Amino acid sequence: MVAMTLDNENSESIFSVQDVSFKIGSIQILSHITIEINKHKITGIIGPSGSGKSTFLRLLNNLISPTTGKIFFNGQDIAEIPPTLLRKQIGLVQQRPYLFEGTVKENLLYGPKIWGIDYSEDDLLHLLDKVALPHEFLERDIEGLSGGEQQRVSLARSLANEPQVLLLDEPTSSLDVISEEIIESTLKRLSEERQVKVIIVTHSLEQTERLTEQLLFLKGGQLVETAPTEEFFTQYRNDEIRSFFKKKEEN
Amino acid sequence: MASELVAMIYQTLVEIWQALKEPNIWIRIGLSAILLLMLIGLSLWQRTNLESKLVWSFLRGFLQVVLFGSFLTVIFGIQKIWMQFLILLFMSAFAAFTNYQSYHYPKVLLIGLLAITASTMFIMSIVIFSGAIFAAIPNLPFKIEGIIPYPPQGEFVIPMGSMVISSAMRMSGIALERAKSDIIKSRGKIEAALALGDSPKNAVKTILKDSYKASLLPTINRVATLGIVSLPGLMSGMIIGGVPPIEAAVYQVVIFLMLLSAAFIASITTNMLFTKQFFTKREQINLVFLNELAQLEQKKAEERKNRQEKRRSWWRRKKQTEENQK
């Protein structure tokens with residue numbers, strides 16, 4: 001394999017998205033998105049359903065390729081990075097957990113086995129702690145887990161790869177308030193201690209307020225606004241964002 | 001040579017004609033048609049839309065077996081190995097084409113051809129040449145004749161090959177269908193594996209584990225019940241024909257091993273070649289290909305609808321004319 005440094009400290013942003021559009025057949029999902037996603041920040045992506053948020057996340061770890069435009073990861077064109085290597089660095093937690101058949105342990109070890117990372121029993125228990133699952137879950141079969149528990153296993157499974165960036169697609173939408181809190185504090189701690197950059201798609205405005213430092217607002221496949229989270233909540237610079245926020249508040 | 005062949009074909013056709021003049025044979029055909037009618041009834045009841053296919057397959061199969069069955073004596077007499085292989089190759093191609101007619105997926109003809117030919121040639125080579133090798137070694141401490149007597153006789157190679165080919169054909173078809181539906185169904189899981197940095201090959205392996213099980217288990221179960229539930233035609237025929245039961249049994253077990261290996265090799269080859277198309281060079285799910293499959297499916301559904309519509313309008317017209325007559 002080609003030796004490759006994915007961490008280029010000279011570049012300012014972790015992702016540089018340049019005029020990216022994405023089409024399936026004749027359906028335009030994303031059009032002309034240009035944005036720099038800065039390092040050392042938790043970035044939130046919000047917007048109404050069908051605005052292309054999930055598609056945007058999947059572009060970032062190259063599960064799909066842009067129809068036109070380029071994406072740079074640490075200053076390097078992702079189209080030139082071997083996809084498996086790229087995806088090890090950029091974990092993705094999907095909206096639904098999609099666990100593999102078997103035990104929780106087998107699921108957690110899926111990534112490390114590919115990459116030859118050694119995991120002791122203690123490391124695995126530590127992973128469970130991070131996602132607020134009791135230790136006895138390690139040997140449990142995934143069949144018996146609730147939706148929320150499965151979602152947490154899915155998050156732990158991505159963490160087991162020790163990624164640089166974590167992409168999350170509405171990770172707490174099926175969780176209760178307490179689990180949500182634990183996951184959020186885990187994400188915060190991760191981003192502070194291990195400097196994992198988190199990009200999170202969310203429906204919850206409270207969550208963006210609690211977690212994120214930068215926000216992107218997508219609508220109809222277009223990037224309407226990007227700003228520090230605080231400004232979003234104090235200034236409402238755009239009519240469309242204002243109406244979106246209002247609707248959310250009414251709910 | 002050519003005149004001999006023409007004479008032979010003429011002779012066979014005359015024999016067929018004479019056999020068909022016997023009323024006895026028509027009674028038997030009529031009786032077997034009862035079963036076919038029952039099949040059609042079941043098919044109509046469950047709305048499988050397989051009726052025309054059933055009738056067509058049986059008609060075609062019947063004609064083929066009548067025509068070619070009479071030439072079998074000629075084919076069975078072939079002693080040259082390369083000619084035997086040529087015939088097997090022709091049979092494989094025909095099998096691949098039949099598969100292609102049922103599964104109109106992209107590149108299926110080529111995939112089926114490769115899968116069926118590769119598995120058949122591989123298995124038959126092992127069987128023929130191991131028999132040949134055993135027979136060619138003089139002064140073996142024990143007497144062994146191999147599975148096929150040496151030099152290889154057409155009467156052994158061709159029927160064995162035909163069983164291997166039809167097993168490979170069936171499994172290749174099942175593998176295609178299962179791979180398609182399993183990959184579409186488990187798309188999220190595959191993407192989860194890809195997102196962890198797994199290769200498409202590996203990700204698909206996790207998904208297709210069950211598909212192998214589903215396609216091979218029926219044959220494995222047949223082996224497990226051999227002699228109690230399943231009394232294969234070949235073995236029974238050999239015993240009726242006077243071959244000692246032990247020899248017939250050994251022969252049958254070997255045949256099952258051949259069929260299973262051919263089935264497995266055909267499934268693996270089919271899966272490897274077919275699933276490749278589901279992914280892009282960048283190790284992503286190939287959305288263009290999925291789109292193509294969906295369109296194919298849609299086209300099929302439309303054709304089915306059209307056929308039903310035609311049938312309905314035919315009924316309507318018939319009723320109309322009946323009423324008019326009244």
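**Exercise 1. Is B:Arg304 buried, partly exposed or exposed?**

Before we start, keep in mind that this is a predicted model.

Step 1. Find the residue: B:Arg304 belongs to helix 11 of chain B, residues 287-325.

Step 2. Look up its relative accessibility, which is 38%.

Step 3. Compare that with the cut-offs: buried is under 20%, exposed is over 50%, and partly exposed is in between. So B:Arg304 counts as partly exposed.

Step 4. Now check the company it keeps. B:Arg304 gathers with B:Arg307, B:Lys310 and B:Arg311 in a surface patch of positive charge.

**Exercise 2. Describe the overall make-up of chain B.**

Step 1. Count the elements: chain B has 11 helices and zero strands.

Step 2. Read along the sequence and you get the pattern α-α-α-α-α-α-α-α-α-α-α.

Step 3. Take the extent of the C-alpha trace, which spans about 75 × 70 × 45 Å along its principal axes.

Step 4. Ask how much is covered: 33% of the 326 residues of chain B count as buried.

**Exercise 3. Work through two aromatic pairs in chain B and say how each is arranged.**

Step 1. Start with the total. Over all chains, the whole structure holds 11 aromatic pairs.

Step 2. Take B:Phe97 and B:Tyr100. Their ring centres are 6.1 Å apart with 35° between the planes, and the pair is tilted.

Step 3. Place them: both sit in helix 4 (residues 81-102) of chain B, three residues apart, about one turn of the helix. B:Phe97 is partly exposed at 39% relative accessibility, and B:Tyr100 is partly exposed at 26%.

Step 4. Move on to B:Tyr105 and B:Phe274, a stacked pair with 5.8 Å centre to centre and 25° between the planes. B:Tyr105 is in the loop between helix 4 and helix 5 (108-136), while B:Phe274 is in helix 10 (residues 245-276), so this pair ties together parts of chain B that are 169 residues apart in sequence.

Step 5. Check the cover on this second pair. B:Tyr105 is buried at 3% relative accessibility, and B:Phe274 is buried at 0%.

Step 6. Widen the view: B:Tyr105 and B:Phe274 form one aromatic cluster with B:Tyr103, B:Phe278 and B:Phe289.

**Exercise 4. Which helix gives the largest share of the nonpolar patch?**

Step 1. List the members: B:Leu35, B:Met38, B:Leu39, B:Leu42, B:Trp45 and B:Phe58 make a nonpolar surface patch of about 660 Å².

Step 2. Sort them by element. Helix 2 of chain B (residues 23-45) brings five residues, the largest share.

Step 3. Pick one as an example: B:Leu39 lies in helix 2 and is partly exposed, with 32% relative accessibility.

**Exercise 5. Trace some salt bridges in chain A and see what they connect.**

Step 1. Note the total: 11 salt bridges over all chains.

Step 2. Look at A:Asp77 and A:Lys70, whose side chains meet at 3.4 Å, N to O. A:Asp77 is buried at 8% relative accessibility, whereas A:Lys70 is partly exposed at 42%.

Step 3. Next, A:Glu139 bridges to A:Lys105, with the closest N and O atoms 3.8 Å apart. A:Glu139 is in the loop between helix 5 (121-130) and helix 6 (147-159) and A:Lys105 is in helix 3 (residues 104-108), so the bridge ties together parts of chain A that are 34 residues apart in sequence.

Step 4. Follow the links further: A:Lys105, A:Glu121 and A:Glu139 are joined in a network of salt bridges.

Step 5. Finish with A:Arg210 and A:Glu180, also bridged, with 3.8 Å between the closest N and O atoms. This pair links distant parts of the chain: A:Arg210 is in helix 8 (residues 205-211) and A:Glu180 is in helix 7 (residues 177-193), 30 residues apart.

**Exercise 6. Where does A:Asn74 lie, and is A:Asn74 buried or exposed?**

Step 1. Recall the background: most residues other than glycine have a negative phi.

Step 2. Read the angle. The phi of A:Asn74 is positive, near 50°.

Step 3. Place it: A:Asn74 is in the loop between strand 4 (68-73) and strand 5 (76-77) of chain A.

Step 4. Check its cover: A:Asn74 has a relative accessible area of 2%, so it is buried.

Step 5. Try another one. A:Asp19 has a positive phi of about 50°, but it is found in strand 1 (residues 13-24) of chain A and is partly exposed at 39% relative accessibility.

Methods:
Residues are numbered from 1 along each chain as its sequence is written. Chains are lettered from A and ligands numbered from 1 in the order in which they are written. This is a predicted model: local features need pLDDT of at least 70, side-chain atom pairs count only at pLDDT 80 or more; totals for chains, interfaces and linings use all residues. Side-chain values use heavy atoms; hydrogens and water are left out. Helices (H or I, at least four residues) and strands (E, at least two) are DSSP runs, numbered from the N terminus. Buried means under 20% relative accessible area, exposed over 50%, partly exposed in between (1.4 Å probe, protein chains only). Patches are made of residues with over 30% relative accessible area and no salt bridge: like charges are joined within 9 Å, nonpolar side chains (Val, Leu, Ile, Met, Phe, Trp, Tyr) within 5 Å. Accessible areas come from the Shrake-Rupley method with a 1.4 Å probe; for residues, only the protein chains shown count as cover. A salt bridge is a side-chain nitrogen of Lys or Arg within 4 Å of a carboxyl oxygen of Asp or Glu. Lys and Arg count as positive and Asp and Glu as negative; His and the chain ends are not counted. The place of a charge is taken as NZ of Lys, CZ of Arg, CG of Asp or CD of Glu. Rings of Phe, Tyr and Trp (its six-membered ring) pair if their centres lie within 6.5 Å; planes under 30 degrees apart count as stacked, over 60 as edge-to-face and the rest as tilted.
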